[in-house]
2 protein chains.
Amino acid sequence: MTAPNGTPIAARDRILDTAFRLFYARGLRAVGVDAIIAESGVAKATFYKHFPAKDDLVVAYLEKVDGVWTGQLHAAAEAAGPDPADQLVGLFDALATACRRDGYRGCAFINAAAESTPGSGPHERTVAHKQQVLAWLRELAGEAGAEQPERLARALALLLDGALSSGALDADPEAMEVARDTARALVRQALPS
Amino acid sequence: MTAPNGTPIAARDRILDTAFRLFYARGLRAVGVDAIIAESGVAKATFYKHFPAKDDLVVAYLEKVDGVWTGQLHAAAEAAGPDPADQLVGLFDALATACRRDGYRGCAFINAAAESTPGSGPHERTVAHKQQVLAWLRELAGEAGAEQPERLARALALLLDGALSSGALDADPEAMEVARDTARALVRQALPS
DNA sequence: CAGTGGGCAGACAGGTCTGTCTGCTCGGGT
DNA sequence: ACCCGAGCAGACAGACCTGTCTGCCCACTG
């Protein structure tokens with residue numbers, strides 16, 4: 001198994017890439033270790049060397065999702081310009097882009113939480129992710145000069161999570177537009193005019 | 001197996017009640033048919049007579065959840081008074097109440113969608129539920145005299161879904177307060193002043 | 001050239017899953 | 001007296017799940 005440039009792709013990466021696809025597309029419990037092993041072309045022993053238990057792979061998967069999604073969120077925010085108030089609105093573009101992709105199945109973290117028990121690794125990782133996002137929003141809200149940064153951040157987080165969930169159930173792209181417009185209204189309202 | 005009043009509780013009801021508890025608490029795939037059979041004290045053959053396949057039970061479960069949740073939503077709305085604008089805000093009280101209950105694990109429908117494949121019965125039932133709620137919000141928004149009832153309804157739906165999801169991951173009750181306040185702000189803003 | 005570590009291939013154990021089937025009991029209606 | 005439907009109890013099949021273990025191969029390094 002080699003990459004286009006000829007160097008071998010580490011088994012771990014192949015496993016993780018496959019898991020990324022399958023877990024998101026079908027759900028954590030619906031995808032067996034065997035399926036990931038078969039599709040990534042790895043030996044079972046190799047798999048278990050890198051990930052002693054399935055939950056370890058799930059956590060690594062969430063770690064990867066976190067990296068990708070947070071990256072998209074930040075990129076969309078920065079694309080909106082230097083003003084933090086604009087960024088708070090602009091980040092919703094990442095959401096619209098994500099929902100439009102086909103195979104979109106909602107927020108990987110919320111889905112993961114639905115399939116894991118509170119206290120487990122995957123569940124904790126989900127909570128941590130949501131708090132990171134919230135902290136980031138809080139920071140932006142503060143920089144934007146909101147009167148109540150905490151409340152603005154929370155409101156936007158609710159909106160974001162809602163849109164993330166709805167996007168999977170309601171194909172109508174208007175929902176994302178509404179999310180963005182609503183975010184704009186909330187931001188405007190939260191700033192000392 | 002008899003009810004307090006001495007009449008036998010139909011096996012079907014026992015199965016459905018047990019499924020309601022277990023499916024919500026642990027997730028669809030985490031709960032085997034065997035567990036439901038054991039806990040509801042029913043024979044396997046009886047179970048399969050009422051629900052030829054597990055998915056049939058899942059759909060019946062979602063039907064039941066729909067009844068309960070929609071009822072709570074409507075009750076909270078009506079408790080806010082006769083003005084549709086107040087009702088649009090008041091319905092968020094149902095959410096706060098739900099999230100505070102312990103064992104709260106988010107929106108049963110979103111969780112179900114996360115565990116089922118698009119096109120399956122459970123998934124379709126989820127989509128239908130979300131559209132019913134949206135239609136109701138649209139109706140209220142119309143009665144309230146919103147300038148763009150569709151947009152207001154959608155924005156509130158996003159907020160509701162977001163709060164429903166976050167409530168399971170963020171124990172902080174302030175989130176629900178924020179949801180309600182934000183709803184109030186959106187409603188106020190949407191009305192021709 | 002020998003050793004070593006990473007990976008491949010696949011058998012295997014032990015459990016759980018859904019769904020089928022056979023027998024038995026019991027109460028109510030004819 | 002009889003039957004029939006509803007339900008209980010539990011064996012069984014066949015698939016699938018996670019996780020372990022044994023063997024083999026091969027490239028690199030000392």
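Trainee: If copies are superposed by least squares on the C-alpha atoms of residues with pLDDT of at least 70 in both, what rotation superposes chain B on chain A?

Mentor: Chain B falls on chain A after a rotation of 180° with 0.0 Å of shift along the axis, and the RMSD is 0.0 Å. That is the relation of a two-fold axis. The C-alpha of chain B nearest the axis belongs to G162(B), 1.7 Å away from it. Bear in mind that this is a predicted model, in which local features need pLDDT of at least 70 and side-chain atom pairs count only at pLDDT 80 or more, while totals for chains, interfaces and linings use all residues. Residues are numbered from 1 along each chain as its sequence is written, and chains are lettered from A and ligands numbered from 1 in the order in which they are written.

Trainee: OK, and how many residues of chain B are in contact with chain A?

Mentor: With contact meaning that two C-beta atoms, placed from the backbone, lie within 7 Å, 34 residues of chain B meet 34 residues of chain A. The elements giving two or more residues to that side of chain B are α7 (108–114), α8 (121–144), α9 (149–169) and α10 (174–190), where helices (H or I, at least four residues) and strands (E, at least two) are DSSP runs numbered from the N terminus. The largest share, 14 residues, is that of α9(B).

Trainee: By class, what does that side of chain B have?

Mentor: There are 18 nonpolar, 9 polar and 7 charged residues, counting Ala, Val, Leu, Ile, Met, Phe, Trp, Tyr, Cys and Pro as nonpolar, Asp, Glu, Lys and Arg as charged, and the others, Gly among them, as polar. Since 100% of the interface residues of chain B are also interface residues in chain A, the copies meet through the same surface.

Trainee: Switching to the core: which residues have the most contacts inside the largest one?

Mentor: L156(A) and L156(B) do, in a nonpolar core of 116 residues. Such a core is a set of buried Ala, Val, Leu, Ile, Met, Phe, Trp, Tyr and Cys residues joined through C-beta atoms within 7 Å, and buried means that 20 or more other C-beta atoms lie within 10 Å of the residue's own, whereas exposed means 12 or fewer and partly exposed lies in between, with C-beta atoms placed from the backbone. Leaving aside residues up to four places away in sequence, L156(A) touches L88(A), L137(A), A183(A) and L186(A).

Trainee: How many residues of α7 in chain A are buried?

Mentor: Helix α7(A), residues 108–115, has 8 of its 8 residues buried, including F109(A), N111(A) and E115(A). These buried residues pack against α1, α4 (54–79), α8 (121–144) and α9 (149–169) of chain A, and also against α7 and α9 of chain B.

Trainee: And D102(A), just for contrast: buried or exposed?

Mentor: D102(A) is exposed, because 6 other C-beta atoms lie within 10 Å, and its place is in the loop between α6 (92–100) and α7 of chain A.

Trainee: Now the DNA: which residues come nearest to strand C?

Mentor: Taking near to mean a C-beta atom, placed from the backbone, within 6 Å of the strand, there are 17 residues around DNA strand C, of which A43(A), K44(A), G32(B), V33(B) and K54(B) come nearest. At least two residues of that surface come from each of α3 (44–50) of chain A, α2 (33–40) of chain B and α3 (44–50) of chain B.

Trainee: What about strand D, which residues are closest there?

Mentor: DNA strand D is surrounded by 18 residues, with G32(A), V33(A), A45(A), A43(B) and K44(B) the closest. By class, the surface near strand D has 11 nonpolar, 3 polar and 4 charged residues.

Trainee: Last topic: into which domains is chain A divided?

Mentor: An automatic or database domain assignment sets the bounds, giving domain 1 (7–52) and domain 2 (54–190) of chain A. Their C-alpha centres lie 27 Å apart, and their contact takes 12 residues from domain 1 and 13 residues from domain 2. On the domain 1 side, the largest share, 6 residues, comes from helix α1 (residues 11–26) of chain A.

Trainee: How many helices and strands in chain A overall?

Mentor: Chain A has 10 helices and 0 strands, and buried residues make up 42% of its 193 residues.

Technical notes
Copies are superposed by least squares on the C-alpha atoms of residues with pLDDT of at least 70 in both.
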